[in-house]
Amino acid sequence: MATPLSPDAFLSILRSEGVKTSEYAGWRGRERDAATGKAFGPVHMVVNHHTAGKNSRDTVAKTGVPGLPAPLAHIHLAKSGVATMCSAGRANHAGLMAQNSYRSFLNETATHPDPSKASGTVDGNDCAYGIETENLGDGKDVYPHAQYDAWVRINTAFCRHYGWSAESVAGHLETSVEGKVDPRGPVEGYGDRGRFTFSMGQFRRDVAERLKHSASWAPGAERTYVVVKGDTLWSVAVHELGDGARYAEIKTLNSLKSDALSVGQKLTLPKK
Ligand SMILES: [Zn+2]
């Protein structure tokens, strides 16, 4: 049974994972449990969002939007990488989730189907932690390096605490039956990786990699990449290092005689 974190425990797991935190005034008592008569928990997953606005912290933590009272997430994540605590209880962020996608995160399956309303729905606010990450969501606004790094750390902190895999990490677009598109947009970089486009697949791989290390680990140095289905040496170079120019370097470093890779194979990626 995954019981929701107390406010103190919530802060503690984030700080242990190297996340800079800030406490929004009144956050420990701000929740939607009493108003809805529905208690938060048990918790089974994390749902990630972009705010689709600027200076959204007050909106997420306190004021809400017309028809949707705050808190609108448990954490607001600023461009600077600071996580502001908004609630440790029920929050209005996930809305209705499709049953089929809900089950895929609950059961941590390797793939996650597109949300199908026909499969039925569950109230995502019952069972999911929500993170609102500051970004316009216009496909142009960039997630800075520090923000993405903190985002990975926050999701990892939940997984580490509850013993979840990265397959418990969802994007709103993967669960919503209302056609949500968040999160999306360009990322400045992560570790040694240059600019790339946000995707939940990559994000989960980054959480999974972090989970293999201690909470004090920082990405960026020479590291090991585990080959997944569909990878080619070229795609690993492009996705892991940000461009294809490092292709030959990976090949040399690993003494590879051909481009053929097998699932599970470990590659050492060069330092930048
Ligand atoms: Zn959302």
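# Close-up views of the model

**View A. Asn 55 is found in the loop between S2 and H3.** Helices (DSSP runs of H or I, at least four residues) and strands (DSSP runs of E, at least two) are numbered from the N terminus. What you're looking at is a predicted model, where local features need pLDDT of at least 70, side-chain atom pairs count only at pLDDT 80 or more, and totals for chains, interfaces and linings use all residues. Residue numbers start from 1 along each chain, as its sequence is written. Asn 55 has a phi near 45°, a positive value in a residue other than glycine. Is Asn 55 buried or exposed? Asn 55 counts as exposed because 9 other C-beta atoms lie within 10 Å. The scale goes like this: with C-beta atoms placed from the backbone, a residue is buried if 20 or more others lie within 10 Å of its own, exposed if 12 or fewer, and partly exposed in between. Ala 52 sits in the loop between S2 and helix H3 (57-63) too, and its phi is near 60°, again positive in a non-glycine residue. Ala 52 has 17 other C-beta atoms within 10 Å, so Ala 52 is partly exposed.

**View B. Strand S2 (residues 45-50) has 6 of its 6 residues buried.** In a regular strand, side chains alternate between the two faces of the sheet. For S2, Met 45, Val 47 and His 49 are on one side, Val 46, Asn 48 and His 50 are on the other, and all are buried. S2 runs parallel to strand S7 (residues 128-133), with 6 bridges joining them; Asn 48 stands opposite Ile 131 in S7. S2 also pairs with S8, in the parallel sense over 3 bridges, and Val 46 has Val 169 of S8 as its bridge partner. Pairing here needs at least two DSSP bridges between two strands.

**View C. Six strands, one open sheet: what is their order?** Reading across, it goes S1-S4-S3-S7-S2-S8, and the pairing is mixed. Strand S1 (21-23) and strand S8 (169-171) are the edges, each pairing on one side only. On average, neighbouring strands of this sheet are turned by 25° against each other, direction ignored; the axes behind that angle are lines fitted to C-alpha atoms, and angles in general run from 0 to 180 degrees between N-to-C directions. An antiparallel pair is visible too: strand S3 (residues 75-77) is joined to strand S4 (residues 83-85) by 3 bridges, with Ile 75 opposite Met 85.

**View D. The largest nonpolar core has 50 residues.** A nonpolar core is a set of buried Ala, Val, Leu, Ile, Met, Phe, Trp, Tyr and Cys residues joined through C-beta atoms within 7 Å. The residues with the most contacts inside the largest core are Val 46, Ile 75, Leu 77, Cys 86, Ala 128 and Ile 154. Helix H5 (residues 145-162) supplies the largest share, 8 residues. Apart from this core lies another, of 7 residues, including Val 236 and Leu 241. Zoom in on Cys 86 and you'll find that it touches Tyr 24, Trp 27, Val 60 and Ile 75, among others, leaving out residues up to four places away in sequence. Contact means C-beta atoms, placed from the backbone, within 7 Å.

**View E. Two cis peptide bonds, each leading into a proline.** The bond from Gly 41 to Pro 42 has omega near -5°, and Pro 42 is in the loop between helix H2 (33-36) and S2. The bond joining Asp 182 and Pro 183 has omega about 0°. Pro 183 belongs to the loop between helix H6 (172-175) and strand S9 (186-187).

**View F. Domain 1 (7-211) meets domain 2 (223-269).** The bounds come from an automatic or database domain assignment. The C-alpha centres of domain 1 and domain 2 are 30 Å apart, and 7 residues of domain 1 contact 5 residues of domain 2. Trp 217 lies in the loop between helix H7 (200-211) and strand S11 (223-226). Trp 217 is partly exposed because it has 17 C-beta neighbours inside 10 Å. From the C-alpha of Trp 217 to that of Gly 120 is 40 Å, with their positions 97 residues apart along the chain.

Definitions and conventions. Two residues are in contact if their C-beta atoms, placed from the backbone, lie within 7 Å.
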